[in-house]
Amino acid sequence: MNNLELSKKANEVRKSIVTAVHSAKAGHPGGSLSAADLFTYLYFEEMNIDPQDPKKENRDRFVLSKGHVAPGLYSVLAHRGYFPVEDLKTLRHLGSYLQGHPDMKHIPGVDMSSGSLGQGLSAAVGMALSAKMDGKDYRTYALCGDGEIQEGQIWEAAMFAGHRKLDNLVVIVDNNGLQIDGKIDDVCSPYPIDKKFEAFNFHVINISAHDFDEMRAAFKEAKETKGMPTAIVMHSVKGKGVSFMENQAAWHGTAPNDDQYAVAMEDLEKVGAAICQK
Amino acid sequence: MSEVKKIATRESYGNALVEMGAEYPNLVVLDADLAAATKTGVFKKVYPDRHIDCGIAECNMTGIGAGLATTGKIPFISTFAMFAAGRAFEQVRNSIGYPHLNVKIGATHAGITVGEDGASHQCNEDIALMRTIPGMVVISPSDDIEAKAAVRAAMEYDGPMYLRFGRAAVPVINDNPEYKFEIGKGVLLREGSDLTIIANGICVSESLAAAEKLAEENISVRVINIHTIKPLDEEIVIKAAKETGKIVTVEEHSVIGGLGSAVCDVVCAKAPVPVYKIGMQDVFGESGSAGALVKKYELDAEGIYRQIKSFLA
C-alpha cells in the first residue's frame, strides 16, 4: 500500500475505533487513536499474515502489550478481514467475543491475550525465542505504552531479549506522553526511553507515529538489524484525529457520548476528505 | 517397616524431565537462576538448547513460557513455589490461565520443609492461590514414583498445570506394581472405618504412620492420598465421609485454601461430616531443619496422631 492508501485506511480504522468505543459506552479511545497508524501499517503493509488462516504456523506475530487499546487492534483486524467490521459495535457487550481486552481464545487474529500491563512483552519474547530455537523466520512485534514501561516486567523482558540477541523482535513504544493520572513525566518519568532500550542492548529508532515514510524506513531498518532486537519509539498524539481528544489524558479511558461521537465522526470525515484532496 | 528409600520430589521432577526429553522434542525447560536447586540441571546438561535460563526474573519467565506455548512448545517453568505461585501469581493467572495455555509450572521448595531458609522462602499459600485460577490443574505428589508419574501426566495433558515439589527427601511409598497415576483420581492407601485421613505431598507417609499408631488403639483409620487438589476426586471424598463419618486432612500448607479447604467444599455440600484440618495454622514458618520444623508444626506422624486424638476426644 502507498502512503495515501495507508492514510485512508488508517482514517477508517480511527472511525471504527470511535464507533466501537461509543457503542461500548466504555473503553480506551486515546491510545487506540495514537496507535491507529501503526496498527494500519503493521497489518496492511508490514506483517506476513493471512486473515483466512489466522493461526498459520509461520505467520508474523503481534502482541498488544498495552492491551487496553483493544479497540485499535480490533478495528484493524476487522478492516483487514479477520471478522466483520459490523461486529465492532458489539465491543464490550455481554456475550460478544470482542472482550474489553484482547482474548486470544475467541478473537481471530489475536496472537496473545493481554490487558494486564507489562506482561505482553514477555510473551512476545517467548514467541521470538521459539522462532530462534526452531530456525523459523517469522517475526514478532509488540506494542507497549509509554506509561506501561513503568512496569518492571517490561525491563525483565527487555534484558532477556537483548541478552538473547532476538533480532526477530520489534518492540514499539507508543510515546503519546500521557497516562491516566496525567503526563508520564509528571507521574513517574520513563524518559529517556530510547537510552533505556539502548542500555538493554536494543537497536533504537525514534520516529513520528503519524508519518508512514518514517514508519516504513524504521521497520526496514529493524529487519536489517542483526544481532539485537529493535525498539521503535514512536512519538504520537494521544487521541490523534479527534479534535477534542487530542493530547487529553481524560480521553485515555472514556467513551464519547452521542453528541461527542457526532463531533468525532465529523472530525474524522474532514480528515478523510483532506486525505482525498492530496 | 523395613528401611525405605528416600528421595526429594524435586529430584524426581528433574529426572522425569530428562527421561522425557528425547520422546518429546517440543518439551522445553525454563529456570530463573535456580536450575541447581529445582534439579532441572540434569535436563540442562543433556538438552542445553532446550533449557532457557531467564535469570532472576520469575514474572518474565512466566510470560516467556506463555509465549513459547502459543507456538507449540511445552514449557515447564521451574522455580521455588514462593516465586512461581506467589510473585508471579498474576502472570500465571493472566498470561497462562486466562488464555488456557499449555504451560506446566514446576514449583519446588514448597512448604516448611524448605527448612533453614526460613519463612521468606517457605510457601504455604501456593495451593490456595493456584486452585482459584479457572482451568488450572493442581498436583502435589507424595513421593518419587508419584512425582515422576505426575510430570509425565502433565506432559501428556493439554492445559495449564501447577506441580508442587519438595526440597527434602521423602520416603518412597508408591513402589508397588498396582500403582497407577491418574490426574484427579485419589489413591486409597489404607482401609479403615472410624475416620479418614486425606493427605498429600510429604504428609502422606507421615499419615500412614499415624494411622498405624492409631490402629494399635483399635482406631480404624482410612488413608487416602489426594495428589490432585484440582480437579478433586469428589467421589472418593464423599464415600469416605459417608463410610467413616469423620475426616482429617493433612497438608504441608496453610489450612486456609489448600487441600483441607478443597475437601470441606465438597463435604459441606454433599456429605456433611466433621472435618479437622491439619496443616500450617495461619502462621509463618521459621528457620530450622526440615525434620525439626515438621515436628514443631505437628506434621510428623506423632503430631498428626496427637491432633487426631484430640479431635476424637
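Me: Why is G100(A) called partly exposed?
Reply: G100(A) has 17 C-beta neighbours inside 10 Å. Buried would take 20 or more and exposed 12 or fewer, so a residue in between is partly exposed. That is where G100(A) falls, so partly exposed it is. Keep in mind that this is a predicted model.

Me: Where is G100(A) found, and what is it in contact with?
Reply: G100(A) is in the loop between α4 (70-80) and α5 (120-134) of chain A. Leaving aside neighbours within four places in sequence, G100(A) is in contact with A70(A) and R92(A). Contact here asks for C-beta atoms within 7 Å. There's also G115(A), 15 residues apart from G100(A) along the chain, with 8.6 Å between their C-alpha atoms.

Me: What makes β6 and β7 of chain A a pair?
Reply: Pairing needs at least two bridges. Strands β6(A) (residues 203-208) and β7(A) (residues 230-235) have six bridges, in the parallel sense, so by that rule they pair. One of the partnerships is H203(A) with T230(A).

Me: How does the chain get from β6(A) to β7(A)?
Reply: The route goes through helix α9 (residues 212-224) of chain A, giving a right-handed β-α-β crossover.

Me: How do you know that α3 of chain A is mostly covered?
Reply: Just count: nine of the eleven residues in α3(A) (residues 36-46) are buried, and buried means 20 or more other C-beta atoms within 10 Å. The buried ones are A36(A), D37(A), L38(A), F39(A), T40(A), Y41(A), L42(A), Y43(A) and E46(A).

Me: Which element gives the largest share of the side of chain A that touches chain B?
Reply: First, the overall count: 20 residues of chain A are in contact with 22 residues of chain B. On the chain A side, α5 and α6 (152-163) are the elements that give two or more residues. The largest share, nine residues, comes from α5(A). By class, that side has ten nonpolar, seven polar and three charged residues.

Me: What makes up the largest nonpolar core?
Reply: A core like this is a set of buried nonpolar residues joined through C-beta atoms within 7 Å, and the largest has 189 residues. Those with the most contacts inside it are V125(A), I232(A), A85(B), A107(B) and L163(B). Helix α5(A) gives the most to this core, with eight residues. In chain B, the core draws at least three residues from each of domain 1 (6-171) and domain 2 (187-312).

Me: Which residues does L163(B) touch?
Reply: Not counting residues up to four places away in sequence, L163(B) touches K104(B), I105(B), G106(B), A107(B), I139(B), A150(B), V151(B) and A154(B).

Note on methods: Residues numbered from 1 in each chain as written. Chains lettered and ligands numbered in written order. Predicted model: local features only at pLDDT ≥ 70, side-chain atom pairs only at ≥ 80, totals over all residues. Helix = DSSP H or I, 4+ residues; strand = E, 2+ residues; numbered from the N terminus. Right-handed = clockwise from strand over helix to strand, strands pointing away. Contact = placed C-beta atoms within 7 Å. Nonpolar A, V, L, I, M, F, W, Y, C, P; charged D, E, K, R; others polar. Domains from an automatic or database assignment.
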